[in-house]
Amino acid sequence: MIDSPSLLKIEQLSHRFGDKVAIDHVDWKLDQCGVVGLVGPNGAGKTTLFSLIAGFLRVQGGSIEVLGGAAPGSRSLVSRVAVMPQDAIFARDVSIVDQMLFLRALDGVTGTIARQEVVAALESVGLADQLDRGAAVLSHGMGKRLGVAQAILGSPELILLDEPTAGLDPANALQVRELIRSLGKDALVIVSSHNLLELQDLIDEVAVIVAGKMVASGPIDEVTGSARRFELRLGRVISPGELQQILDEELVRGVSQDGTQLTVDLDASADGGLDAALDQLLHRLLKLAAAPRRLREGASLEEAYLRLTGESEQAAAPLDDRTEDDRTEDDRTEDDRTEDEPDESDAPAAATTSDDR
Amino acid sequence: MMGRWQILLHARNFLSQSLRSGSGVAFIVLTVTVGLGCASLVFFPIESELVTAKEFKENAAQGVGTFLAVATLQPGKFSTLSEQIESEELVELAMWGRYLVLDHPVLLSLTVMLLGLLLPVLLPLGSFACIAGDVQHHSIRYLLPRTTRTSLLLGRLLGALILSWTVITCLQGAVVMYLGIVLPLDGWGALITWGFQTLGALVALTVPYVALGVLCSTIFRSPMVALMGSVGFTLTVPLIAFSSREAWEPLGNLLYLLPWGYAHHLLSPDGTVVVKTALYCLGHGLIFTVIALLRLRRADL
Amino acid sequence: MAISDRPGGLTALAALNGFFAISCGFPGLQRILSSSRLHAHLQDPEATADRWSNRDLESLIAADVDPQQMELLGILGLVVALLLAVSVWGLLKRNHWAGKWGSTLAAVGMASISWLAVEVLPTDLVRGVGMNLVRQMFYPLFLLIMIHGIFRKDLRLR
């Protein structure tokens, strides 16, 4: 992390579309480079907030200061802010390399240097073999990757990525996530995503926006609080009685089972923190002769998100009852969006994001 | 400096994209086809004169009809012409050419007037999508972080103007070449001079109508609505002005909302009047451009 | 996945080439027929006088047109129409030879026919009306600029 005062400062920001309040007195301050997640339900105002920061929408109430005090869309921000909009499309009749070269030319870079940069950017998102193709032939996923590539051209100091991995196959999603991680070393990268499991591994800070209000923001550990979710694969299916024994452990908040898959929410707030909770869980499993074959940190962010967005009541009791379908609702939405694209499959990021431990 | 560079880049990009997408191709071919179709209406009697002197009198009736139309538009200027027609001096074919191009280029000016009447309706085809197209597909969001709205609009306006000027130059070039090859003139010099004069008039006339197209493109988010708005406004203004001035004379001044009211002065034989009229056209274009700029700078994109 | 990334402009040019192929082919055919009638008339004016006494033939005779030159113009017209038809396929397939060079040859052919027609034929037969003017004066140049400028990269040898 590199210190850089007030990369983004939002105060009492409000925005309406007719009678509908899209952003409601939002305050948000980001002072350091890094990767920041912006999460919230559909229609919560994430894209509107991005559009306001990028200067696409005019500020109606409150203020936004970008990169040390500039108003969004001002001349001093030209080529210093990069945006990957969610729904923008590239020109169909121009090759993607020409479109990228044009964008770079707007930054004042032309010729061989520009071409090298463009090729490097396209390589970094796996589109190097599509240089001379028109954007018309790009699938949804390829279009997303092209959007990411144009956003990383040059050296932007603030990068706004709206759903950058939605619709990407696992390999490309991983590639893009690694790219975002590396960008976060020198720039402030704000990523909007519904894939919380993916975000959890990627971001340093998170902001949760619900119905236009920012209900939480800060370092991810602060926002997720003490609740930590773990996913375990056991050597055998355990019985309901054994499941209850696990749930009776002091530091276990909830548990659900799907075959040999066990999802456990731990309370890391007690003395000893997460280690103590894990120790308690593993001891119980060993006593039950159900030693875990695999253990990985799960979507703690998801639980915090559900709690913050008011959806936790629907899903938490039920943490025990929740199904995989519930958990990957957002993933299925993306699947629906891309199901007619034969060469680009969407996949839950869980398979590629979390490290086995 | 960067701003000017970006304006040129936007202009070049607009030209390239509009030609590659086919909308520019359609605009050019349609405008040139309609323009030359109009021109051929005026050429026809002249060409007929050149076929054979025997058929002159029959075909001259069309020529006379055309002259009378022009004479009605600008009365008092063609008494000599009428006398010449009546005295059959124009039987000399070479004199036709000399008369039309060198002495009194009224017929050819009529061609230009026809084009001038048609161009306002055709020109929006080249500019209606210059902002609205990108707004509709949100592709403008890829551009805005790298450029200012002012540079974008001025660049697109410049691109639309260059496209329109290119079309008009092609049109005028085709007319001049055709006349030069088919009509037996004394030389190309006078014809080319005439070509440049009328080209200048059309170039000036282009500015306000292209700027109007760009303005509509910033007002409406859908390119088709922008096109309808632009063409509709261009056609509605003279219709309302002419129909309402019967009821109240000052309403006739509505004609000056667009260059309809004064554009014909671009063909005046008086150079000062031509320059003044061209400046009015540029001023009109400037007003539309400023309104478009104000609109775009405040727009949610 | 979209079917093709062919620019819309190329499709538009292909359509225009198809249109001009028709507008070149028919006059070419007509000229070949006229030349054969002219040839027959020159060989035996008495026999053909009643059958073919129309204005075009009269003007051809009056202008002392060589039927062989007329025939050549007609054949050239058909060749250009064929080239334009081939270029339609070439442009749609983004083929370097058929698209780029077919169009180039067709454009040169169209311009040449217009020039030769002015040189060879009586004025009333070559006068332009509307689309003829476009075909003769404007379209060949426009086509060359588009093929060798705007769509240069799209039609390169692959």
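Helices in this account are DSSP runs of at least four residues, numbered from the N terminus. In this predicted model, helix α13 of chain B covers residues 271-298, and B:Arg297 is found within that helix. With a relative accessibility of 45%, B:Arg297 counts as partly exposed, and together with B:Arg298, A:Arg58 and A:Arg75 this residue forms a positive surface patch.

A second surface patch is nonpolar in character, and its members are B:Met177, B:Ile181, B:Trp188, B:Ile192 and B:Phe196, which make an area of about 490 Å². Two helices of chain B, α10 (149-182) and α11 (188-219), are the elements that give two or more residues to this nonpolar patch, and the largest share, 3 residues, comes from α11(B). B:Ile181 belongs to helix α10 of chain B, and its relative accessibility of 34% places this isoleucine among the partly exposed residues.

The cysteines present another aspect of the model, since a search of the whole structure over all chains finds 0 disulfides. For B:Cys130, the closest cysteine sulfur is that of B:Cys216, and because the two sulfurs are 10 Å apart, they are too far from each other for a bond, given that a disulfide calls for a pair of cysteine sulfur atoms within 2.5 Å. C:Cys24 is likewise in no disulfide, as the nearest cysteine sulfur, in B:Cys170, lies 19 Å away. Both residues count as buried, B:Cys130 at 0% relative accessibility and C:Cys24 at 7%, because the cut-off for that class is under 20% relative accessible area.

Technical notes
Residues numbered from 1 in each chain as written. Chains lettered and ligands numbered in written order. Predicted model: local features only at pLDDT ≥ 70, side-chain atom pairs only at ≥ 80, totals over all residues. Heavy atoms only, no water. Buried < 20%, exposed > 50% of the residue type's maximum accessible area, 1.4 Å probe, protein only. Patch = residues over 30% accessible without salt bridge, like charges linked within 9 Å, V, L, I, M, F, W, Y side chains within 5 Å. Areas by Shrake-Rupley, 256 points an atom, 1.4 Å probe, with all protein chains shown as cover. Salt bridge = Lys/Arg side-chain N within 4 Å of Asp/Glu carboxyl O. Lys, Arg positive; Asp, Glu negative; His and termini not counted. Charge placed at Lys NZ, Arg CZ, Asp CG, Glu CD.
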